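This report describes one lysine side chain in its setting and then turns to the chain as a whole.

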Amino acid sequence: MAGSQTVEELFMNNEELPENYIHKDSKGFMDASPSSMEIPVIDLGLLISSSPTVEELEKFRAALSSWGCFQAINHGMTDSFLDEVQEVSKQFFALPMEEKKKYSRTENAIEGYGSDMVLSEDQILDWTDRLYLLVNPQDQRKLEFWPKNPENFREILAEYTIKLKQMNEALLRAMARSLNLKDDCFVNQCGGEQTVMFTRFNLYPPCPRPDCVLGLKPHADGSAMTILLPDREVEGLQFWKDVQWVRVPIIPHAFLINVGDQMEIMSNGLIKSPVHRVITNSERERMSLAMFCAPGSDKEIGPVEGLITEARPRLYKTVKNYVDSYFQYFQKGLRPIDAVKI
């Protein structure tokens, strides 16, 4: 963390809000649509069964092409297990600051505990602390960043990773089926044992100025797929849709799943990687847990052949290790996918 204060420390010490957290063009942070547009809800039990109905696949395809995100219910994970996952997150962030800082990331590295990486003087920082860990492939885990407290943290995260890896592959196959492609066409590019999976535990402390400070600035993800376990009680996530911000309502124990830039590339733009943000809250803290699934760094990806036609020519270059350049663009508020468009 290079000696910088965490957001939690700024809040606890009741310090004056630093200028580099304030968005000067903050008009409209709080006016997301209350109910006029609804994020699609997909029943995963029906979708990833051995014989999903045509209606279910069409509903899934419509959600992906129109929104790029959906709420996933009936996903096969028990409520009690997801409660455990959220509880270890809560227990970690409740540890004394001295204990949490044992897992601090080093300067210019993303893994570990800390707040925003500062890459430039004019960068607007996000009002969030996070614990960022590579969880797959297993042999690349840096266990020095995996908390030993709470005692069951590592065990639960390992089990959670296995379950989400299976969900990711099932969704990749369902995406292929919904586009009338071979089942394994996306799995071949970004599935299997070498799938790169990063998890990010997010803490958004109460913010004194929710009118001009964001928990996460507007961005699209650099992953192929992002699986988010949201806070059970406090909203905050919003998606940009039809020239307005739309809030994501809480559905207990549902996942919010969105595609990232790499799936937009592989689908030749048929599935869009949606822009989203997190607003802050002046009264309550908020926690969430994101899992980012992406191809291995040595894997080349590009538009699937079956989605390139005369009517829809190839829109994206072939790319490798997309995530590496992603963070540089993200902190500048730019979209890295623009650089790989043909």
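In this predicted model, K100 lies in helix α5, which spans residues 97-100. The relative accessibility of K100 is 0%, and because buried means under 20%, K100 counts as buried. Beyond its neighbours within four places in sequence, K100 is in contact with E8, F92, F93, L95 and Y113.

The helix that holds K100, α5, belongs to a chain with nine helices and 14 strands. The radius of gyration of this chain is 19 Å, close to the 20 Å that the globule rule gives for 342 residues, so the chain is as compact as a globular protein of that length. Along the principal axes, its C-alpha atoms fill a box of roughly 60 × 45 × 40 Å.

Burial and contacts can also be stated for the chain as a whole. K100 is one residue that counts as buried; across the 342 residues of the chain, 56% do. Among contacts with a separation of 6 or more, 77% join residues 24 or more positions apart.

The table lists percentages for the chain.

| Property of the chain | Value |
|---|---|
| Residues that count as buried, of 342 residues | 56% |
| Contacts with a separation of 6 or more that are between residues 24 or more positions apart | 77% |
| Exposed area supplied by carbon and sulfur atoms | 49% |

The exposed area to which carbon and sulfur atoms contribute is about 15,600 Å² for the chain. As for charge, the chain carries 37 positive and 50 negative side chains. The centres of these two sets lie 4 Å apart.

How values were computed
Residues are numbered from 1 along each chain as its sequence is written. This is a predicted model: local features need pLDDT of at least 70, side-chain atom pairs count only at pLDDT 80 or more; totals for chains, interfaces and linings use all residues. Side-chain values use heavy atoms; hydrogens and water are left out. Helices (H or I, at least four residues) and strands (E, at least two) are DSSP runs, numbered from the N terminus. The radius of gyration is taken over C-alpha atoms; the globule rule is 2.2 Å times the number of residues to the power 0.38. Buried means under 20% relative accessible area, exposed over 50%, partly exposed in between (1.4 Å probe, protein chains only). Contact means heavy atoms within 4.5 Å. Accessible areas come from the Shrake-Rupley method with a 1.4 Å probe; for residues, only the protein chains shown count as cover. Lys and Arg count as positive and Asp and Glu as negative; His and the chain ends are not counted. The place of a charge is taken as NZ of Lys, CZ of Arg, CG of Asp or CD of Glu.
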